Amino acid sequence: MKRMHIHVAVSDLGKSIGFYSNLFKAAPSVVEADYAKWMLDDPRVNFAISARGITPGLDHLGIQVESADELGEIRDRLDAAGETLLSQEATTCCYARSDKHWVTDPQGLAWETFHTLGSSPTYGTGREALKDSETCCAPPVAPSAAAQACCTTSKP
């Protein structure tokens with residue numbers, strides 16, 4: 001069984017924990033000084049927030065799987081889509097150890113597919129391997145020209 005993953009950067013972790021706890025009618029399953037996560041069954045989602053000094057908003061989307069075989073299946077699908085994959089084995093990110101694959105969709109949105117191997121006492125060690133991207137683990141994202149044109153305004 002797969003679980004949707006959504007990670008949102010926030011400016012006020014405490015206020016955001018209160019908001020999402022009310023929205024989901026559940027307390028977070030993980031709370032750290034800069035991070036919180038809800039593992040929900042209704043809807044089936046791994047929803048995470050972090051206050052780590054990046055621009056608030058959608059950080060990345062993902063699909064969490066329960067086995068190495070499922071992770072391989074999704075990797076094969078992404079490979080067939082023709083996008084460049086960044087693969088990591090036993091990496092530490094978001095207070096967890098995981099095997100994962102990153103891809104950027106045609107709009108420039110980062111997608112993570114991952115199989116969690118266990119918890120970690122630290123937020124992450126993946127930045128150095130990913131050339132100092134803005135998030136702990138996501139690859140650098142360059143929005144496509146179409147995405148930039150869609151949401152920017154031109155000045156006369």
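Buried here means under 20% relative accessible area, and this is a predicted model. Keep that cut-off in mind for the first stop.

**Stop 1: Tyr 35**

Select Tyr 35. Buried or exposed? With a relative accessible area of 2%, Tyr 35 is buried. Now add Tyr 95, which is buried too, at 12%. Their ring centres lie 5.4 Å apart and the planes meet at 45 degrees, so this pair is tilted. Tyr 35 belongs to strand β3, while Tyr 95 sits in the loop between β6 (86–93) and β7, 60 residues apart.

**Stop 2: the strands around β3**

Stay on β3 and colour the strand by accessibility. Five of its seven residues are buried, so β3 is mostly covered. Show β2 next: β2 and β3 run antiparallel, joined by three bridges. Glu 32 has Tyr 35 as its bridge partner in β3, and a hairpin takes the chain from β2 to β3 through two residues.

Then bring in β4. Its pairing with β3 is antiparallel as well and covers seven bridges. Here Tyr 35 stands opposite Ser 50. Another hairpin, with two residues between the strands, connects β3 and β4.

**Stop 3: the largest nonpolar core**

Which residues make up the largest nonpolar core? Select Val 8, Val 10, Leu 13, Ile 17, Tyr 20, Phe 24, Ala 36, Trp 38, Leu 40, Val 45, Phe 47 and Ile 49: 12 residues in all. Three elements, α1 (13–24), β3 and β4, give two or more residues to this core. The largest share comes from α1, with four residues.

Zoom in on Val 10 for a moment. Setting aside its neighbours within four places in sequence, Val 10 is in contact with Ser 16, Ile 49, Ser 50, Ala 51 and Pro 56. There is also a second, separate core of six residues, with Tyr 35, Ala 48, Cys 93 and Cys 94 among them.

**Stop 4: aromatic rings**

Turn on the rings: the structure holds eight aromatic pairs. Look at Tyr 20 and Trp 38, where the centres are 6.0 Å apart and the planes stand at 65 degrees, so the pair is edge-to-face. Tyr 20 comes from helix α1 and Trp 38 from strand β3, 18 residues apart. Trp 38 is buried at 0% relative accessibility, and Tyr 20 is buried at 15%. Widen the selection to Phe 19, Tyr 20, Phe 24, Trp 38 and Phe 47, and you have a cluster linked by ring pairs.

**Stop 5: salt bridges**

Switch to charged side chains. How many salt bridges does a search of the whole structure find? The search finds eight.

Pick Lys 2 and Glu 70, whose closest N and O atoms are 3.7 Å apart. Lys 2 lies in the segment before β1 (3–9) and Glu 70 in helix α2 (residues 68–80), so the bridge ties together parts 68 residues apart in sequence. Lys 2 is partly exposed at 31% relative accessibility, whereas Glu 70 is buried at 13%.

Move on to Arg 52 and Asp 34, with their closest N and O atoms 2.1 Å apart. Arg 52 lies in the loop between β4 (44–50) and β5 (57–65), and Asp 34 in the loop between β2 (30–32) and β3 (35–41), so parts 18 residues apart are tied together. Arg 52 is partly exposed at 41%, but Asp 34 is buried at 14%.

Last in this set, select Glu 66 and Arg 44, at 2.8 Å between the closest N and O atoms. Glu 66 is in the loop between β5 and α2 and Arg 44 in strand β4, so the bridge connects parts 22 residues apart. Add Arg 3 and Asp 41 to the view: salt bridges with shared partners join Arg 3, Asp 41, Arg 44 and Glu 66 into one network.

**Stop 6: helix α2**

Finish on α2. Its 13 residues reach 18 Å from first C-alpha to last, close to the 18 Å expected at 1.5 Å a residue. Glu 70, Leu 71, Gly 72, Ile 74 and Leu 78 are buried in α2. What covers the buried residues of this helix? The cover includes β5, β7 (96–104) and β8 (110–119). Just after α2, click on Gly 82, which takes a positive phi of about 85 degrees.

Note on methods. Residues are numbered from 1 along each chain as its sequence is written. This is a predicted model: local features need pLDDT of at least 70, side-chain atom pairs count only at pLDDT 80 or more; totals for chains, interfaces and linings use all residues. Side-chain values use heavy atoms; hydrogens and water are left out. A salt bridge is a side-chain nitrogen of Lys or Arg within 4 Å of a carboxyl oxygen of Asp or Glu. Buried means under 20% relative accessible area, exposed over 50%, partly exposed in between (1.4 Å probe, protein chains only). Two strands pair if DSSP finds at least two bridges between them. The expected span of a helix is 1.5 Å times one less than its number of residues. Contact means heavy atoms within 4.5 Å. A nonpolar core is a set of buried Ala, Val, Leu, Ile, Met, Phe, Trp, Tyr and Cys residues joined through side-chain atoms within 4.5 Å. Rings of Phe, Tyr and Trp (its six-membered ring) pair if their centres lie within 6.5 Å; planes under 30 degrees apart count as stacked, over 60 as edge-to-face and the rest as tilted.
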